[in-house]
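Want to practise reading charged pairs in a protein model? Grab a pencil and work through the exercises below.

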Amino acid sequence: MRHPGVPFPRLPLPSAQPNGAGQDESLETFQQWLGEAIPLVGHLGLKRVYWQGDSLVWDLALSPNLNDKGTGFGGSLTAQTTLIGWCWTTLWLRAQLREQDVVVAQASQRFLAPVTGDYRLECRPRQVDGPEQLQARLASAGKGRLALVQHLYLDDVLCLEAEGDYAVLPAISAG
């Protein structure tokens with residue numbers, strides 16, 4: 001059971017050499033750890049996590065995210081867009097063999113159509129060179145930010161666009 005104010009133990013870094021995209025990590029192991037570290041994850045209807053190019057993709061069930069109208073609850077969808085961005089950034093850092101905390105610094109959403117069935121959420125860097133810019137900033141300052149975009153699709157219909165800036169905090173020294 002999680003307790004307020006008590007950090008959850010970090011997942012050990014992967015043993016693979018950095019590949020740049022976070023795609024060597026076992027997503028099943030990461031998803032299990034995520035569900036323990038953030039209890040809300042177990043209630044979001046997350047069915048599948050996978051990479052598609054530079055996009056982290058989640059397949060989600062609508063049923064645990066219903067609102068009073070029988071469509072996707074905006075609060076759940078917003079939480080999911082924020083969380084997938086946090087996961088993208090965290091997995092990228094882990095692929096660089098970096099143990100640093102990530103926080104969302106800014107987020108916005110634009111709802112375009114109701115979500116009426118199971119759906120797909122995709123997250124990728126806003127700029128193609130965003131990860132390289134972050135890598136350079138981490139090398140020079142030990143911290144940085146990454147802008148990500150999230151798109152929620154019901155089949156091929158874009159229902160939600162979101163953006164977030166994710167701050168990578170300075171590493172905490174062990175001494």
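Here come four short exercises on salt bridges, each with its solution; keep in mind that this is a predicted model.

**Exercise 1.** Find out how many salt bridges the structure holds, and work out which parts of the chain the pair Lys-47 and Asp-118 ties together.

*Solution.* Start with the count: there are eight salt bridges in the structure. Next, look at the pair itself. Lys-47 and Asp-118 bring their side chains together with 3.1 Å from N to O, and the cut-off for a salt bridge is within 4 Å. Now place both partners. Lys-47 belongs to strand E1 (residues 46-52), while Asp-118 sits in the loop between strand E3 (102-111) and strand E4 (119-125), so this salt bridge ties together parts that are 71 residues apart in sequence. Last, check the accessibility: Lys-47 is exposed at 51%, and Asp-118 is partly exposed at 44%.

**Exercise 2.** Take Lys-69 and Asp-68: are they buried or exposed?

*Solution.* First confirm the pairing: the closest N and O atoms of Lys-69 and Asp-68 are 2.8 Å apart, and the two form a salt bridge. Then bring in the cut-off, because a residue counts as exposed when its relative accessible area is over 50%. Lys-69 has 62%, so Lys-69 is exposed. Asp-68 has 71%, so Asp-68 is exposed too.

**Exercise 3.** Work out where in the chain the partners Glu-161 and Arg-110 lie.

*Solution.* Begin with the contact: the side chains of Glu-161 and Arg-110 form a salt bridge, at 3.0 Å from N to O. Glu-161 is in strand E6 (residues 157-168) and Arg-110 is in strand E3, so this pair links distant parts of the chain, 51 residues apart. As for accessibility, Glu-161 comes out as partly exposed with 27%, whereas Arg-110 is exposed with 51%.

**Exercise 4.** Which residues are linked with Asp-165 in a network of salt bridges, and is Asp-165 buried or exposed?

*Solution.* Step one, the network: Asp-165 is linked with Arg-126 and Glu-163 through salt bridges. Step two, the location: you'll find Asp-165 in strand E6. Step three, the accessibility: the cut-off for buried is under 20%, and Asp-165 has a relative accessible area of 18%, so Asp-165 is buried. Step four, the neighbours: leaving out residues up to four places away in sequence, Asp-165 touches several residues, including Val-103, Val-104, Ala-105 and Gln-106. Arg-126, a member of the salt-bridge network, is also among the residues that Asp-165 touches.

How values were computed:
Residues numbered from 1 in each chain as written. Predicted model: local features only at pLDDT ≥ 70, side-chain atom pairs only at ≥ 80, totals over all residues. Heavy atoms only, no water. Helix = DSSP H or I, 4+ residues; strand = E, 2+ residues; numbered from the N terminus. Buried < 20%, exposed > 50% of the residue type's maximum accessible area, 1.4 Å probe, protein only. Contact = heavy atoms within 4.5 Å.
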